[in-house]
Amino acid sequence: MSIVNIENTLYRPKIDIFLRTCDVANVHTDWRVRYHGIEKSDLIIGCVTSLVNSINNTKGVDINLTVIDDNSSEATVQSIKQIIQIIDNSTLIQLDQSGYNHSAHQQWILCRDSTSDLVYSVEDDYLHCPSAIQEMVDSF
């Protein structure tokens with residue numbers, strides 16, 4: 001259903017996905033308690049992997065993936081780069097300034113300025129089922 005016939009022309013919807021990542025501990029609470037002792041970097045890798053898998057299971061839509069990283073460790077950044085490289089239209093933005101307010105603001109600016117049909121703003125503690133992105137597109 002993703003390819004839409006508009007006035008006898010085929011139209012491929014476009015989706016921009018903006019993922020914000022940060023492997024620095026939360027200043028408000030010990031995030032390890034929230035995630036049952038899982039290291040934040042492992043949680044990020046799981047999130048990015050599940051998102052890329054879901055993107056790869058999506059048909060009939062043009063997808064751009066942008067990862068906005070808030071000063072994660074070099075190991076986490078390298079892992080993210082390795083995972084997203086299989087997506088044709090993927091970008092990693094490494095922010096110079098750190099902090100939730102700054103990174104969230106940068107993410108929302110990108111969302112606001114998107115010209116795509118759909119915009120998905122996501123953080124690094126979401127796990128995606130293989131059909132998640134396709135279901136969003138089909139709902140469109």
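**Overall layout, a buried strand and a pocket**

Of the 140 residues in the protein chain, 41% are buried. The model behind this figure, and behind everything that follows, is a predicted one. The accessible surface of the chain adds up to about 8,100 Å², and carbon and sulfur atoms hold 50% of that area.

As for how the chain is put together, it has 5 helices and 6 strands. Read from the N terminus, the elements come in the order β-β-β-α-α-β-α-β-α-β-α. Contacts across the chain often link parts that are well separated in sequence: among contacts with a separation of 6 or more, 74% are between residues 24 or more positions apart.

Strand E3, which covers residues 14-21, is a good place to start looking at the details. Because 7 of its 8 residues are buried, strand E3 is largely enclosed by the rest of the structure. Two strands pair with E3. One of them is E4, which runs parallel to E3 and is joined to it by 8 bridges. In this pairing, Leu19 sits opposite Val67 of E4. The other is strand E6 (residues 118-123), again in the parallel sense, this time over 6 bridges. Here Arg20 has Glu123 of E6 as its bridge partner. A general point helps when viewing these strands: side chains in a regular strand alternate between the two faces of the sheet.

Strand E4 turns up again in the second largest pocket. That pocket has a volume of about 190 Å³ and a lining of 13 residues. Two elements, helix H2 (40-56) and strand E4 (62-69), each give two or more residues to this lining. Nearest the centre of the pocket are Ile55, Asn56, Val61, Ile63 and Asp88. In chemical terms the lining is a mix, with 5 nonpolar, 4 polar and 4 charged residues.

Gln85 offers a contrast to the buried strand E3. This residue belongs to the loop between helix H3 (74-84) and strand E5 (90-94). With a relative accessible area of 59%, Gln85 lies over the 50% cut-off and therefore counts as exposed. Val52 is 33 residues away from Gln85 in sequence, yet the C-alpha to C-alpha distance between Gln85 and Val52 is 9.6 Å.

Definitions and conventions. Residues are numbered from 1 along each chain as its sequence is written. This is a predicted model: local features need pLDDT of at least 70, side-chain atom pairs count only at pLDDT 80 or more; totals for chains, interfaces and linings use all residues. Side-chain values use heavy atoms; hydrogens and water are left out. On a 1 Å grid over the protein atoms alone, a cavity is a set of points where a 1.4 Å probe fits but cannot get out, and a pocket is an open set with protein on both sides within 12 Å along at least five of seven lines; lining residues have an atom within 4 Å of a point. Grid points are joined across faces, edges and corners, and a volume is the space filled by probe spheres set on the points. Helices (H or I, at least four residues) and strands (E, at least two) are DSSP runs, numbered from the N terminus. Ala, Val, Leu, Ile, Met, Phe, Trp, Tyr, Cys and Pro count as nonpolar, Asp, Glu, Lys and Arg as charged, and the others, Gly among them, as polar. Buried means under 20% relative accessible area, exposed over 50%, partly exposed in between (1.4 Å probe, protein chains only). Two strands pair if DSSP finds at least two bridges between them. Contact means heavy atoms within 4.5 Å. Accessible areas come from the Shrake-Rupley method with a 1.4 Å probe; for residues, only the protein chains shown count as cover.
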